[in-house]
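User: I've got this chain open and I'd like to go through how its labels were assigned. Can you take me through the reasoning?

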Amino acid sequence: MRRLSSHPWSKQRSRFEFLELINGLCCRSGGEICFSFDVGASRRAPEWVSNRMKAPGKIQITVWLLGLAGAALFTVLLIRQGLPQVGAAFLAAGWAIAAVVIYHFAVPVFLDAVAWWVLFPKSDRLPLRKLLWMRWIGESVSTLVPSAAVGGDIVRARLAAINGASLPVAAGSVLVDLTLGVFTQAGFTVLGLALLVDVTGQKNFVGPTLVGTLVGILGVAGFYFVQRLGMFRFLALIVARLANSPEWQSLVQSGEMLDRTIRTLYARRRAVIMCCVWTIISLVGGSGEIWIALHALDLHATFVNALILQSMVLTIRSAAFAVPGGLGVQEGGYLFVGNLLGIPGDAAFALSLIARVREIALGIPGLISWQLIEARRLWRARLVGVAR
């Protein structure tokens, strides 16, 4: 597979249309994310285009309503557990809060970057340190931007393309990584559920959880098969026909290129298997940060309890992906699972707050880094435009 530098687009418009296809078909955010794309393909001055992914007004209203509902749930749960008690438990964690922040970056984020790295063909493979940085920024966007549940994945695909990976491989590797990640998380959910039943003896919630997991697996399986069948060419063809303009036909060619790339990535079986292996190691290893917090709060600090909390809370939050940041939902998950494990409510809520602090501590620098990158590229483009 040739790199982008040796495969120029036939038209100056094509590169933007390819990125527009990726953004339009992959992003399901309820708000708006703006990217600037360099679509200069000749000796002429570069042109910068702002691609705004605007959801209909009803979707935006829904996002805001879900956010308000989550905030209300968070407040109600906090009041029920007692603000002084929760505050005291949170402060008792002390050093563990910084340890959790460091651990999350050094273990789960790093391992997720490795899982993404192995999917790249050698001709397009970027250094692991760069993918680690992109993964961190992508997670920051997905976590802290309320209307961008998967916006972070689009950001890391864009950053990979900016840093030298071909556009089809950058986008395709992210889509494959997402699909395999959901499959792997389903297995992690079953593992956590089995351990929870073994530890607590509770079985009344097993049925609904397994049904929900099965529905999720079937949905992702369907997404996998339509990827293999060539969904992007099909969708681009629909868009081109609706536009009823020959100028949009190059979008179909871009869709075909992405479909071919995705099929090639899935055909690399060893890379697919290793991506799943590194992802499950990341999920299990991520339980370590909960173990650190449990130990600092002098609770039932066993790795099994930490893994159960990690698996069940992650499952609950994933099921409520439409709620921005999982606000309120994550706290409810910690309280529910913590109660089954014999963890007091105020301490369980404190565990969730520690996770929130970790998200903010890593997420804000990640967002700032992303904005600096975009601002620098925009500034350089303007300078080139003025010079010419």
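Analyst: Sure. Let's begin with a cut-off: buried means under 20% relative accessible area, exposed means over 50%, and partly exposed is what lies in between. Keep in mind that this is a predicted model.

User: OK, so why is Arg158 called buried?

Analyst: Its relative accessible area is 7%. Buried means under 20%, so Arg158 gets that label.

User: What makes Arg158 and Glu374 a salt bridge?

Analyst: A side-chain nitrogen of Lys or Arg has to lie within 4 Å of a carboxyl oxygen of Asp or Glu. Here the N to O distance is 2.7 Å, so the pair qualifies. Glu374 sits in helix 15 and Arg158 in helix 6, with their positions 216 residues apart in the chain. Glu374 is buried too, because its relative accessibility is 12%.

User: How do you know that Glu359 has a partner, and which residue is it?

Analyst: The partner is Arg317, with the closest N and O atoms 2.8 Å apart. The cut-off is 4 Å, so this counts as a salt bridge. Glu359 belongs to helix 15 and Arg317 to helix 13, 42 residues apart. Glu359 has a relative accessible area of 9%, so it is buried. Arg317 has 18%, which is under 20%, so it is buried as well.

User: Which residues are linked with Arg156 in a network?

Analyst: Arg135, Asp153 and Asp177 are linked with Arg156 by salt bridges. Within that network, Arg156 and Asp177 meet at 3.0 Å, N to O. This pair joins helix 6 to helix 7, and both residues are buried. The structure holds eight salt bridges.

User: How do you know that there are zero disulfides?

Analyst: A disulfide needs two cysteine sulfur atoms within 2.5 Å, and a search of the whole structure finds no such pair. Take Cys275: the nearest cysteine sulfur belongs to Cys276, and it is 5.6 Å away. That is beyond 2.5 Å, so Cys275 is in no disulfide.

User: Are those two cysteines buried or exposed, or in between?

Analyst: Cys275 is buried, because its relative accessible area is 0%. Cys276 has 24%, so it counts as partly exposed.

User: What makes Asp298 stand out in its loop?

Analyst: Asp298 has a positive phi of about 55 degrees although it is not a glycine. The loop runs between helix 12 and helix 13. Asp298 counts as exposed, because 68% relative accessibility is over 50%.

User: Why is Ile364 called partly exposed?

Analyst: Its relative accessible area is 41%, which falls between 20% and 50%, so that label applies. Ile364 is in helix 15, and together with Ile360, Ile368 and Leu372 it makes a nonpolar surface patch of about 360 Å².

User: And the interior? Which residues have the most contacts inside the largest nonpolar core?

Analyst: Those are Leu294, Leu309, Ile343 and Phe349, in a core of 37 residues. Helix 15 supplies the largest share of this core, eight residues. Beyond its neighbours within four places in sequence, Ile343 is in contact with several residues, including Leu294, Leu309 and Ala348. A second, separate core has 26 residues, among them Phe120 and Leu132. For the protein chain as a whole, 49% of its 388 residues count as buried.

Notes: Residues are numbered from 1 along each chain as its sequence is written. This is a predicted model: local features need pLDDT of at least 70, side-chain atom pairs count only at pLDDT 80 or more; totals for chains, interfaces and linings use all residues. Side-chain values use heavy atoms; hydrogens and water are left out. Patches are made of residues with over 30% relative accessible area and no salt bridge: like charges are joined within 9 Å, nonpolar side chains (Val, Leu, Ile, Met, Phe, Trp, Tyr) within 5 Å. Accessible areas come from the Shrake-Rupley method with a 1.4 Å probe; for residues, only the protein chains shown count as cover. Helices (H or I, at least four residues) and strands (E, at least two) are DSSP runs, numbered from the N terminus. Buried means under 20% relative accessible area, exposed over 50%, partly exposed in between (1.4 Å probe, protein chains only). A nonpolar core is a set of buried Ala, Val, Leu, Ile, Met, Phe, Trp, Tyr and Cys residues joined through side-chain atoms within 4.5 Å. Contact means heavy atoms within 4.5 Å.
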